[in-house]
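Trainee: I would like to learn how to read helices, sheets and contacts in a model. Can we go through them one at a time?

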Amino acid sequence: MITSSKSKKLHDCRDAFVATLEQLGSANENIVAVCNDSVGSSKLAGFRDKFPNRLINVGIAEQNMVGVGAGLANGGKIPFVCAAAPFLTGRALEQIKADVAYSKTNVKLIGISSGMAYGELGATHHSIEDFAWIRALPNVPVIAPADRIETAAVIKWAAEYEGGCFLRLSRVGVPDLLPEDHTFTLGRAQTLRNGTDLTIIANGTLTHRAMSAAIFLQKQGISARVLNMATVRPIDTESINAAAKETGAIITCEEHTLFGGLGSAVAEVVVDNCPVPMKRLGVPGIFAPTGAANFLLDKFGMSPEGIASNANVLLQRKG
Amino acid sequence: MSTENLREIAARVRQRDLQAVFEAGAGHIGGELSVTDILTALYFNIMSIDPSDPLAPNRDRLVLSKGHSALALYIVLSEKGFIPKDEIATFLKPLSRLNGHPDRTKVPGVETNTGPLGHGLPISVGMAKAAKINHAGWRTFVITGDGEMQEGSNWEAIMSAAQFKLDNLTLIIDHNRLQQGAHLADTNNLAPLPPKLKAFGWDVVEIDGHNMDQICAELDAARVVEGKPKCIVAHTTKGQGVSFMANNVAWHHKVPNEKEFQQAMAELKQAAI
């Protein structure tokens, strides 16, 4: 149990990703990296220098990149296919469907700079549909780690896991939230803070904001549970059911469109099992305007104060 | 195996294919008849594969990127012993593992699930690259349709295969000059294919895709040029072996009626003698 952010120092989770990948690569020569000219943005220069034969850069060709990943997996390799999330998931979606999901290949899809990390570059470079797209496919777990510790744990898990998966990483700095010895379990959320009045469910860059919101609410006399739900598929039905029954209201926060993401996945469970008032926060079905990710998250009501304010409105519906 | 024996197997595959399409009431008979000789040569004369160990790490790989010709692949796999011969009768039946497009998770010997066009070649590049990284000697073969070469993903893969010097990769283009709706020439004419592949750094040869001697000769490992991926442009006839199907765009996925079936079977049997 963690009651507050351990440190305010912010970390770029890509650093934990590549450090872990290099460490795993030293222990297992079957681990390879595949990229689309994204050696810099995926921070793969270190991996390339250590294992020059195991960095496969296909150039700017995402369909080929995912297909090559599937072929490498067929040949016994464990490919980590790394690219900016909008292009990995958007351009190569059919390859992800046919070559990874349907063919059940051992391809690790690493979406870098996901969400609105490229905020100022415009909506072409935002990846706020990827939960929905990949979550609709069988056989590909969808995971968005919340900090550098969970990122490292997820990468270690992915290397061991027999099958494809989609890991959604950001480049926007986030503080440490999980204990250093955290190990990742697929489909299992962590209760970062206990609470009885409502539950805030978040992942990725939103988890630390949810924690700050809970502290904000505590000052108002409201007891908020915070669940870090990195796995969007398979969703942690047990934790959601418990949150609905024990706190009676759920608010979700995600760096994603409100159509088909974490909030939708949680709502599906709530509707089926234990209907309670819910509020889903995210990008409200529009192409986001210009601005840095943190600015845009605040603008869409996901500053700690914004989440707390939405929580207050939600509590009035609780009855 | 002698080319005479290979021709006998191919004749048997064609007859079984015709019968299965007739009985299932669906299939892509035109493209199946055009690719049959190539598949037969690969499975019975070229590839190192073991039906009792279909996932042996050092097996040669075949990717049928024109996945709609799955029935021809299933029949060749059954002739080779990967699946029971009598299972072909379940083709397209409810819950059969013999889909209209191949599924590696269900059918031993299938390497990847194809169907959407332009997927097999990128995957084959990954396979060949894996062998290179491991300094392993196994080869990767991929068969595409010629219409399929209109998919841009193929050209992404063609560039990377040359860049990676994948001389353990062989692409066979089933160049029957017809696509689903019309002639290639009337749609998006890629012909002539060889200069395009050559310009991308590939070793390219052209063969008669129904001449078993030519097919086997060009698939032989001894004919590989060091450092270059190889493309065999196989000139074929869509509907090969059946007079009224040959070179007729209508027979991409048309199903013969009883009379047409009898005539086609008689022609295939006659050709096999």
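Trainee: Which strands does helix H12 of chain A lie across?

Mentor: To read a helix that packs on a sheet, list the strands in contact with the helix, then look at the angle to one of them. This is a predicted model. Here helix H12 (residues 304–318) of chain A lies across S8, S9, S11 and S12 of chain A. Its direction makes about 135 degrees with that of S11(A).

Trainee: Which strands does helix H9 of chain A lie across?

Mentor: Helix H9 (residues 237–247) of chain A lies across strand S8 (198–202), strand S9 (224–228) and S11 of chain A. The angle between H9(A) and S9(A) is about 175 degrees.

Trainee: In what order do the strands of this sheet in chain A come?

Mentor: Read a sheet from one side to the other, and do not expect the strand numbers to follow in sequence. In chain A, the order is S7-S9-S8-S11-S12. The sheet is open, has five strands and shows mixed pairing. At its edges are strand S7 (190–193) and strand S12 (278–283) of chain A, each of which pairs on one side only. On average, neighbouring strands of this sheet are turned by 25 degrees against each other, direction ignored.

Trainee: How many bridges join S11 and S12 of chain A, and in which sense do they pair?

Mentor: Strand S11 (residues 250–257) of chain A and S12(A) have five bridges and pair in the parallel sense. To find one bridge in the view, start at A:Thr252, whose partner in S12(A) is A:Arg280.

Trainee: What is the order of the strands in the sheet of chain B?

Mentor: Apply the reading used before. The order in chain B is S1-S2-S3-S5-S4, an open sheet of five strands with parallel pairing. Strand S1 (61–64) and strand S4 (203–208) of chain B are the edge strands, each pairing on one side only. From one strand to the next, the twist averages 20 degrees.

Trainee: Which helix packs on this sheet of chain B?

Mentor: Helix H2 (residues 29–46) of chain B does, and it touches S1, S2, strand S3 (169–175) and strand S5 (230–235) of chain B. The directions of H2(B) and S3(B) make an angle of about 150 degrees.

Trainee: How many bridges join S1 and S2 of chain B?

Mentor: S1(B) pairs with strand S2 (residues 140–145) of chain B over four bridges, in the parallel sense. One bridge to look for links B:Leu64 with B:Ile143 in S2(B).

Trainee: Now two helices. At what angle do H3 and H5 of chain A cross?

Mentor: For a pair of helices, check the distance between the axes, then the crossing angle, then the residues that meet. The axes of helix H3 (residues 62–74) and helix H5 (residues 93–102) of chain A come within 9 Å and cross at roughly 5 degrees. H3(A) and H5(A) are therefore roughly parallel to each other. On the H3(A) side are A:Gln63, A:Val66, A:Gly67 and A:Ala70, which meet A:Gln95, A:Ile96, A:Asp99 and A:Val100 in H5(A). Sorted by class, the contact of H3(A) with H5(A) has four nonpolar, three polar and one charged residues.

Trainee: How do H4 and H5 of chain B cross, left-handed or right-handed?

Mentor: The crossing of H4(B) and H5(B) is left-handed. Their axes come within 8 Å, and the crossing angle is roughly 20 degrees. H4(B) and H5(B) are roughly parallel, because angles under 35 degrees count as such. In H4(B), B:Leu121, B:Pro122 and B:Val125 take part in the contact, and residues they meet in H5(B) include B:Ser153, B:Glu156 and B:Ala157. This contact of H4(B) with H5(B) divides into five nonpolar, three polar and one charged residues.

Trainee: How many residues do chain B and chain A bring to their contact?

Mentor: For a contact between chains, count each side, then ask which elements supply the residues. Chain B gives 25 residues and chain A gives 25 residues. On the side of chain B, helix H4 (120–133) and helix H5 (152–163) each supply at least two residues. The largest share of that side, 10 residues, comes from H4(B). By class, the side of chain B that touches chain A has 11 nonpolar, nine polar and five charged residues.

Definitions and conventions
Residues numbered from 1 in each chain as written. Chains lettered and ligands numbered in written order. Predicted model: local features only at pLDDT ≥ 70, side-chain atom pairs only at ≥ 80, totals over all residues. Pairing = 2+ DSSP bridges. Axes fitted to C-alpha atoms, helices over the stretch in contact; angles between N-to-C directions. Contact = placed C-beta atoms within 7 Å. Nonpolar A, V, L, I, M, F, W, Y, C, P; charged D, E, K, R; others polar. Parallel < 35°, antiparallel > 145°, perpendicular 65-115°, else oblique. Left-handed = near helix turned anticlockwise from the far one by under 90°.
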